[in-house]
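Subject: Structure handover

Hello,

Here is the structure I said I would pass on. My notes on it follow below.

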Amino acid sequence: MILISKFRITLIIFIISTFIFLASGSEVSIKPTSDGLSTKKKSLRFAYSANIQREKCTYFVTTETTCTKGADTTNHVSLRFGDENSNDILVHHLNSKHVRRVDQLEPQVLDDIPRKPFQSCMVDQFQVIGQCVKSPICYLYLKLAGNDDWRPGFAQVQVLQGPHFSSNMFYFRRYLPRRVWHGLDLCETQVTPFGLKRKRNVTGDRAP
C-alpha cells in the first residue's frame, strides 16, 4: 500500500510538472509570434507610405501671354503650385515642358509643331509630372529669370488623374518682377513673394 501511494504521489507530481512546463512553454512561444506580427504590420505600413510618396501624377499647365507690346519673353520661367496639404510641385524650367499651342477661345490644339513658348497673344500648354496633390490646387507662383520682361494673362493647372483637383484660373495681367516668386495664393497657408512659408524647407528661392 505504501509503494502504491508513493507511486501515485510521484505520478501526480510528474503530471503537474509537465503541465506547468507546457504552460510556460506556450507563453514563451506566443510572445515571439506576437512580436513577429507587430513587425510585419509595421513593415506593411512603411511600404504603403513609401508607395504613396513615390506616386506621380501628370499635370497640364496652360498659360496665356497677353498682346501688349513687349509681353513675350525668351527667358526661363519657373513654376510652383500645390495644394493646402504641403504637396508642392516645383518646375525649374517650364520652357522645356512645352507641348503645344491651344486656341484662346476654344479648347482645341492649333498645332503640335515645336515652337518657342511665351510669345505675344498666344496660349501655351505644358506637361509636368510630379507628386500627386491630395486636394484642389490653390496656389500658383511664377518666377522669371533673364533680362527681358514677360506679361502673362492667366495660368491654370489641370490634373489628369483627378480633374476635381484642377485649379481655377490664376490671373496676372502684369509684367512679372524678375528673380522672385510672383503669383496668387487661395489657400489658408502663408506664401511670400520669395517663397512658401511652411514647416519644411523648399528650394528655388533664387531663379535657376
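How much area does the protein expose, and what share of it do carbon and sulfur atoms supply? The exposed area is about 13400 Å², and carbon and sulfur atoms supply 59% of it. Please keep in mind that this is a predicted model.

Overall make-up

The secondary structure comes to one helix and twelve strands. Read from the N terminus, the order of elements is α-β-β-β-β-β-β-β-β-β-β-β-β, with the helix ahead of the strands. The protein has 208 residues, and buried ones make up 38% of them. If one takes the contacts between residues at least 6 apart in sequence, 71% join residues at least 24 apart.

Disulfides

Searching the whole structure gives three disulfides.

One of them joins C57 to C132, with an S to S distance of 1.9 Å. The torsion about this S-S bond is about 100 degrees, so the disulfide between C57 and C132 is right-handed. C57 belongs to strand β1 (residues 56-65), while C132 sits in the loop between β6 (123-131) and β7 (139-145), so this pair ties together parts that are 75 residues apart in sequence. Both C57 and C132 are buried.

Another disulfide is formed by C67 and C121, whose sulfur atoms are 2.0 Å apart. Here both cysteines are in loops: C67 between β1 and β2 (76-82), C121 between β5 (109-111) and β6, so the pair ties together parts that are 54 residues apart in sequence. Are these two cysteines buried or exposed? C67 has a relative accessible area of 53% and is therefore exposed, since the cut-off for that class is over 50%. C121, at 30%, is partly exposed.

The remaining disulfide pairs C138 with C187, and the sulfur atoms are 1.6 Å apart. Its torsion about the S-S bond is about 100 degrees, so the disulfide of C138 and C187 is right-handed. C138 is in the loop between β6 and β7, and C187 in the loop between β10 (182-185) and β11 (191-192), so parts that are 49 residues apart in sequence are tied together. C138 and C187 are both buried.

With the bonded cysteines numbered in sequence order, the pairing reads 1-4, 2-3, 5-6.

Nonpolar core

In soluble globular proteins, nonpolar side chains tend to be buried together. Which residues of the largest nonpolar core touch the most other members? That core has 26 residues, and the ones in question are Y59, L79, F81, L94, L140 and L142. The elements giving two or more residues to this core are β1, β2, β3 (88-91), β6, β7 and β8 (152-159).

F81 is worth a look in the viewer. Setting aside residues up to four places away in sequence, F81 touches Y59, V61, N87, D88, I89, I137, Y139, L140 and V157.

Aromatic pairs

How many aromatic pairs does the structure hold? There are three. One of these is formed by F118 and W150, and it is tilted, with 4.6 Å centre to centre and 55 degrees between the planes. The pair links distant parts of the chain: F118 is in the loop between β5 and β6, W150 is in the loop between β7 and β8, and they are 32 residues apart. F118 counts as buried because its relative accessibility is 0%, against a cut-off of under 20%. W150 is likewise buried, with a relative accessible area of 0%. Ring pairs join F118, F126 and W150 into a cluster.

Around S166

S166 is placed in the loop between β8 and β9 (170-171). What does the side chain of S166 reach at 2.9 Å? The partner is the backbone nitrogen of V159. A polar atom of the S166 side chain also lies 3.0 Å from the backbone oxygen of P163. Leaving out neighbours within four places in sequence, S166 is in contact with V157, Q158 and V159. V157 appears among the contacts of F81 as well.

Regards

Definitions and conventions
Residues numbered from 1 in each chain as written. Predicted model: local features only at pLDDT ≥ 70, side-chain atom pairs only at ≥ 80, totals over all residues. Heavy atoms only, no water. Disulfide = S-S within 2.5 Å. Helix = DSSP H or I, 4+ residues; strand = E, 2+ residues; numbered from the N terminus. Buried < 20%, exposed > 50% of the residue type's maximum accessible area, 1.4 Å probe, protein only. Core = buried A, V, L, I, M, F, W, Y, C linked by side-chain atoms within 4.5 Å. Contact = heavy atoms within 4.5 Å. Phe/Tyr/Trp six-rings, centres within 6.5 Å; stacked < 30°, edge-to-face > 60°. Areas by Shrake-Rupley, 256 points an atom, 1.4 Å probe, with all protein chains shown as cover. Polar contact = N/O pair within 3.5 Å; in protein donor to acceptor, adjacent residues only side chain to side chain.
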